[in-house]
Amino acid sequence: MILFRTIIRGLCATMLLILGGISMIQAQENTYRGPLRIAGYEGEAVFQYRIVEGDTLRNGPFRIQKSDLQSLLQNEDTSFLFSGDFKDNTPEGAWKLRFGSFTSGNGSEVVDYQYRVLVNGVQEEASGLVSEGRPNGTWNILVNQIENSEITGTSFKSKIDFQNGVPKGSFQIEDTQSTLVGRFLRNGLAHDQWALYGGGDTEIEEDWYFKDGILERVETKNEGEITEWRLNYDEKADFKTVKLGEGYLQALRFQASSKDSLSFLKGSLPKLLVQNTSFYHKLDTIFTEIGTTAFYPEWKVKLPYYPLDSLEKAHLQNIRSQVSEAKSISDILLNSSQLNLLKLSDEEAAYGYAVVQTISEEWLQPLYTLLSYEGLGVLDYIQRSKLMADIWPVGTPSTTIDLQAYLEDGATDRTFSLPNAEQFTWQGNDLQASSQVAQYALQGLQVIERQLGVKLGKQQSQQELLILEERLIRLNDSLQSYIDSVGNKLPKSHLKALRSVSALAEKQLSAYASVPETSEKPTMARELVGCFKELNRLGRAVGTLPQQSDSIQKRYVDGVWNPFVAVVMEEQLKKRITSAYQKVLVPYFLNQTQTSLSCETAADIQQRMEQTYRRMLALRDEDTKRLERKLRKEDDPETVLELFNLENPATEHE
Amino acid sequence: MRTTYAFHTIWLCVLFTIGTTFGISAQEQEKEELPLESKYKDPVTRTWFNTYGNIRISKRLFWDAQTHFRFVETESTPYLSQIGQIYNRHAIGYIYSKKFNASLGGVVRINFNTDPASPDRNVVPEWRIWHQYQFALPLGSSMIYHRIRIEHRWTQGFAENSDYIFRNRWRYMFRMKTPLNNHKLQPKTFYISPEAELIMQSGKAVVASPMEDLRITTTLGYIATPRLSFAAGLMYSQGQELSNGGIYKQAWTLRFHMYFSPDFRKVKNKLPEIHFND
């Protein structure tokens, strides 16, 4: 009985769980509307999705697009539209991808209550079927030229059939000049004749002959003259299948018997191939990000295989990191405006710059090429000797760098080598030697960077000194011209004080001028700039004393009604305070400016004057009866200042 | 503002009403015999020392406190003169605006008998109620003033048991103050002040001598501070004798004035001093 009950309870619980699960799945079917970013394309998206175990799985129609009318009307707009379907988070079914670059054309029209703005530009459109994220069926790529919203021409057109990502049968790629027709085997290998026809004319211009993915020969026809190239593969080498793309074309360069035979690679056929593959790379970036598999088609060719061993891979790794570091140093130095100026006047700087230039152009540049091959994934398909001959046509460089080509005409011929140059003993042309070259280049750049760094630092401090001295002169000029401008209007006592400020400035300036140039001089100049600023402030404070006295006088005036005259008359208030200011404090400040003035005291004197002035303005409205009593017969300025509650700033600092 | 105006108006009405009430009082008529031609007595010389106090007691009210010492020449004191009257005039004044003020108060004057031969009393008091309306107007750098002063006056003779007689005095004075060493009247300024005052009188005792006094003065003043001024001047005056309208007395008076206007209010109540209508 108990067992029966348990079974019933278990069944009920299971039913509930199943029902709950179904309802949860149903509830998680959702539509997303909002911004989305895919492989750098940012736009407004609408798609269906479901949440399974916390993962968002796209399922159903998907659409993302971006177009900005405002941007189009103002300048130009880059638009895009991707639309298709997903099944279990994988693109499935018909897809269309559009990329437009438009400017607004001439005029607009209203159609069915909508404004239509005519546009000019280019629209790229790729459309085809996708199965499990891979091209399946016919894919068309079109690049249309648009004028006033009409297609005026097609600059590129590609039509390829795929089966589960593998091209099958014949294909056709054309641009405005020519059309390329060829075919693939069922397994996706290029096969037979790939023929390029001239536009409108059926005469064949270029023929590439493949056999099971191996390009055997090339025929070109120019003005009736037929030229044939045969590829010079290493017979001993194993052939390996690679994807058709730019890397393959680069690798082909090393399969020719001579440099002349490479000219077929500059023809129209490889250009069309590259254009086509780069479109598919673009689609691949997008589909790979939104889907779960790589979209790039399996069109295949074969190349001789020279795999990199682990040592070579390690050398490549070294080269990559060292070249990257060296590049950042050389970029900074070559682009430094300060160094570019300094090298015009400084021989050592010019020398350093030449070293950086030489290393950058003659050492790093070939290494960049090497790394670019690595990036295309073709190093495994190039014979090392041919690779090195391509990278270092005249052999790896010497540790003693001749700078003649990079020094100015007339400059002494100089060389550069690292102090530890003898430790670098590369010989021959291999990746190990290239790795050492990279290391030497990096160390060389680091040495030069240090040397130039010191020089630039010195130059900087000299420039700073120059700026400081200019400021000093300006400050002194400003003080002198201020004194000249106010001198005539001032009472003699004030003028005398001003002259002593000016005299101190002159004295300090000539003392500074007589100091020899040492590393201490910028510090001195900086201090003197501070001093001159204070002297300027003090000068102006002395110059404005009469105005301040007037302001105080006016502030201590009150309108008093004289009933006998029936006139409001001005009455001087708190005469003891104003008199203490005029007769005790002002002469005291003027005297201080003459007798106790130095760079150290200038600020204090000026501040006391300013504080006193502010205090005087405030005292007018305060109850000052006691103060006025105490001020009677008081003529000691320090006591007066104390009575005014003005501390000596010098004592405050202590 | 409107309330203030109404208040001022009522205040003025009260002052006038008081004045006119006293003006219609009955007066005793005296018999007199007029000469065929007006007779001018020889002028006497007098010296007056007057202090004028004007003490602010609120924003608009002030206490007018005047004390005058008036000396009259006698035969024994031809120039220095002898004390004739001591004069105490007080009033509460109201400042309506910078251009108008009014006062109401009382006067007690002590009259000294300057006739050495007189057997009568040496000192008798005289009482007055007075009100005054003064207009002040700027004119260029000068000020001009019109003063209307009405006094209700009870006087008695020096004779023992003499009765008080009641008279009204109707006074109008025109005065001008012109700064001499400054572009406006302000402290440290000398000013010259010509003035003319006509004093008319009425009352039962006044039968044929309505013109009590016509005073023509020129004063030189000095404003020491807004609260203290000094002035000195010479006044010529003439007027009908009460007892006989045909006889005119004359006088030359040296006048010395001190004007003071202390303000004992606390600072916070003083400010702002000049904006009466704020």
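Modeller: Strands are DSSP runs of E of at least two residues, and helices are runs of H or I of at least four, both numbered from the N terminus. In this predicted model, that numbering lets us place A:Asn148 in the loop between β7 (134-147) and β8 (150-163) of chain A.

Colleague: Why does A:Asn148 count as exposed or buried, whichever applies?

Modeller: A residue is exposed if 12 or fewer other C-beta atoms lie within 10 Å of its own. A:Asn148 has 11 C-beta neighbours inside 10 Å, and therefore it counts as exposed.

Colleague: What is the phi of A:Asn148, and in what kind of residue does that value occur?

Modeller: The phi of A:Asn148 is near 45°, which is a positive value in a residue other than glycine. The background is that most residues other than glycine have a negative phi.

Colleague: Where does A:Lys633 lie, and why does it count as exposed?

Modeller: A:Lys633 sits in the loop between α15 (625-631) and α16 (637-643) of chain A. It has 6 C-beta neighbours inside 10 Å, and it therefore counts as exposed, given that the class takes in residues with 12 or fewer. A:Lys633 also has a positive phi, near 60°, in a residue other than glycine.

Colleague: What makes A:Ile605 count as buried?

Modeller: The cut-off for a buried residue is 20 or more other C-beta atoms within 10 Å, and A:Ile605 counts as buried because it has 25 C-beta neighbours inside that distance. A:Ile605 belongs to helix α14 (residues 602-619) of chain A.

Colleague: Which residues is A:Ile605 in contact with, leaving aside its neighbours within four places in sequence?

Modeller: With those neighbours set aside, the contacts of A:Ile605 are A:Leu538, A:Phe589, A:Gln592, A:Thr593 and A:Leu597. For A:Thr593, which is 12 residues away along the chain, the C-alpha atoms of the pair are separated by 7.2 Å. That value does not conflict with the contact, because the 7 Å cut-off applies to C-beta atoms placed from the backbone.

Colleague: How do you know that the buried residues of α6(A) are on the same side of the helix?

Modeller: Helix α6 (residues 337-345) of chain A has A:Leu339, A:Leu342 and A:Lys343 as its buried residues. They cover an arc of only 105° around the axis, and that is why they can be placed on the same side of α6(A). The face turned away from this buried side carries the exposed residues A:Ser337, A:Leu341, A:Leu344 and A:Ser345. The cover over the buried residues of α6(A) includes α5 (310-334), α7 and α9 (431-487) of chain A.

Colleague: Which residues touch the most other members of the largest nonpolar core, and why is this core said to lie between domain 1 and domain 2 of chain A?

Modeller: The largest nonpolar core has 82 residues, and those touching the most other members are A:Ala190, A:Ala251, A:Leu283, A:Ala354, A:Val355, A:Ile382 and A:Ala441. Helix α7 (residues 347-376) of chain A supplies the largest share of this core, 13 residues. Domain 1 (2-305) and domain 2 (310-460) of chain A both give residues to the core, so it lies between them. Another core, of 35 residues, lies apart from it, and A:Leu504, A:Leu590, A:Met616 and A:Leu619 are among its residues.

Colleague: How many residues of chain B are in contact with chain A, and what is the model's ipTM?

Modeller: In chain B, 18 residues are in contact with 14 residues of chain A. The side of chain B that touches chain A divides into nine nonpolar, five polar and four charged residues. The model scores ipTM 0.83 and pTM 0.48.

Colleague: Where in chain B does pLDDT stay under 50?

Modeller: It stays under 50 over residues 1-30 of chain B, for which the model has 27 contacts beyond four places in sequence, and over residues 271-275 of chain B, for which there are nine such contacts. Where pLDDT is low, the predicted coordinates should not be read in detail. Chain B averages a pLDDT of 85, and 82% of its residues score at least 70.

Colleague: How many helices and strands are there in chain B, and how many in chain A?

Modeller: Chain B contains two helices and 12 strands, whereas chain A comes to 17 helices and 21 strands. Buried residues make up 21% of the 278 residues in chain B, and in chain A 29% of the 654 residues count as buried.

Technical notes: Residues numbered from 1 in each chain as written. Chains lettered and ligands numbered in written order. Predicted model: local features only at pLDDT ≥ 70, side-chain atom pairs only at ≥ 80, totals over all residues. Contact = placed C-beta atoms within 7 Å. Nonpolar A, V, L, I, M, F, W, Y, C, P; charged D, E, K, R; others polar. pLDDT = per-residue confidence, 0-100. Core = buried A, V, L, I, M, F, W, Y, C linked by C-beta atoms within 7 Å. Domains from an automatic or database assignment. Arc of directions from axis to C-beta.
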